[in-house]
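Okay, thanks everyone, I'll keep this short. Have a look at the chain on the screen, and then I'll walk you through it.

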Amino acid sequence: MMDFLSSLKIQAENAGAATGQQWLKAGGEMISSYSPVDGKLIGSVKAADKQNYEEVIAKAQSAFLEWRSWPAPRRGEVVRQIGEALRAYKEPLGKLVSYEMGKSLQEGYGEVQEMIDICDFAVGLSRQLHGFTMHSERPGHRMYEQYHPLGLVGIISAFNFPVAVWSWNTMLAWVCGDVCIWKPSEKTPLCAIACQHIIAEVFAKNNVPEGVCGLVVGGREVGEWMSNDTRIPLVSATGSTRMGKAVGAALGARLGRALLELGGNNAIIISRDADIDIAIRGAVFGAVGTAGQRCTTTRRLIVHESVYDAVKSKLVAAYKQLVIGDPLNEKNHVGPLIDKDAVKMYLSAIEACKKEGGSFIVEGGVLEGAGFESGCYVKPAIAEAQPQYAIVQHETFAPILYLLKYSTMEEAIAIQNGVPQGLSSSIMTLNLREAEQFLSAAGSDCGIANVNIGTSGAEIGGAFGGEKETGGGRESGSDAWKAYMRRQTNTINYSTQLPLAQGIKFDI
Ligand code: UN1
């Protein structure tokens, strides 16, 4: 069963600090990683201390001086080989993701597939870091812009996508010529150790300078060191809005750059013109997939009054089919929450919803007995609620779905937008007018707006992120790479005169 751990070089005790291929003697606290699947200890990681951090940063700084002068396509070639290595390790790494985080095996493999996909994307990108050329207003002058590497990029990742979101940032940053320092979630440190080993193998073959791939395992303090560290021009952080506000404030105070991908409170509007079967499938996967622990999880369903009852009874029937249990067993649809603290938050959200007047049409609860020994398995729940309830306005990282009713499309869009978060949104409709209204400037205010698919499961090719309390950052596809580079405008005079812009005369 645990074969995958040894093939990923995971030991009982692992060092939580590395500069690339070299592991440091970590001086911090021991972090034990227990699987939410069966409650067993998988392995421990010794966190980094400040001295380890300083060593990683120093190595990163010297590595940058070399790495930035490698031609981008040569850096892309290294990333291509990382994609190959990930293909070879897809099975064990996918299993580790599933076992340490608790998502289904299919989703564990899917997460590694997202890593492979972003590698492919980054390889192509390494030949397309394009800037514009402009026409100068002065004779004998040429203007153009270039994108140069930024330097050190700090990456703070969350437990729910323990490897994919790191790779979205890192693979782009590497082809851009940056060096990366990763602070993984302390809830999933072993996934990070495994990735570090995989990268080290590829880097060794390519003589990549030591320091390009830094790893610093630790708690909140590591995030604080990074956010306040002027040697790090960009920190990309994925996680809670609370964490993002702290990171953003620290970066803002020193005018560093923050790329934030924070909480979502994603809704699907189900119109009277929806294909109801597609709508139900999209809603159920969106709400219970990854046990409701994606930032794109569907948390609210905004349903037209004329189809409300039909949707409600189909949802209840669909939830009856859900099998909860060991996510490594492919028969099961829903695995555990990450830990018992998450279970507590789930239970208090259910209580809060009831207090505000919500009524549960599918009851929640914690599962007990054989197979559920970890205490982290909960039943996906559905409540009829009102949009303005405090709990409905809040992102609870658990499978609780709020059912809301609307009568006009304007009202549905207002409900959809009427939350502090702005990550993902969908409309289920076969009505072109409604779909276009939803996608228009007066429609969804989210970073992601879909038609006839759910809120989760975005492809890597698009820019990923959202507005308002989601933090405004964009990662992954499209032109998200620009966040990892500094833009430089160049004006070159090849004439024999020195004309000034704006026609200014200055004769001496
Ligand atoms: C996240 O939950 O932080 O769109 C990322 C999705 C996945 C990524 C989610 N591709 O659901």
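So, the domain assignment splits this chain into domain 1 (3-262 + 471-489) and domain 2 (266-451). Keep in mind that this is a predicted model. The centres of domain 1 and domain 2, taken over C-alpha atoms, are 31 Å apart.

How do the two meet? 17 residues of domain 1 are in contact with 19 residues of domain 2. On the domain 1 side, α4 (90-101) and α5 (105-125) each put in at least two residues, and α4 has the largest share, with four. That side of domain 1 is mixed in class: six nonpolar, six polar and five charged residues.

Now the ligand. Which domains supply the shell around the ligand? Domain 1 and domain 2 each give at least three residues. Among the residues around the ligand are Glu114, Asn160, Phe161, Arg294, Cys295 and Ser456. By class, the shell comes out as four nonpolar, five polar and two charged.

One helix pair while we're here: α3 (residues 72-88) and α6 (residues 164-176) have axes that come within 8 Å and cross at roughly 150°. Anything over 145 degrees counts as roughly antiparallel, so that's what we call α3 and α6. Ala72, Arg75, Gly76 and Val79 of α3 make the contact with Met171, Trp174 and Val175 of α6. By class, that's five nonpolar, one polar and one charged.

Last thing, from the record: UniProt, in an unreviewed entry, lists residues 23-489 as "domain: Aldehyde dehydrogenase". In the model that span is 39% helix and 20% strand, with its end C-alpha atoms 40 Å apart.

Conventions: Residues numbered from 1 in each chain as written. Predicted model: local features only at pLDDT ≥ 70, side-chain atom pairs only at ≥ 80, totals over all residues. Near = placed C-beta within 6 Å. Nonpolar A, V, L, I, M, F, W, Y, C, P; charged D, E, K, R; others polar. Domains from an automatic or database assignment. Axes fitted to C-alpha atoms, helices over the stretch in contact; angles between N-to-C directions. Parallel < 35°, antiparallel > 145°, perpendicular 65-115°, else oblique. Contact = placed C-beta atoms within 7 Å. UniProt positions renumbered as here; feature names shortened; annotations may be inferred.
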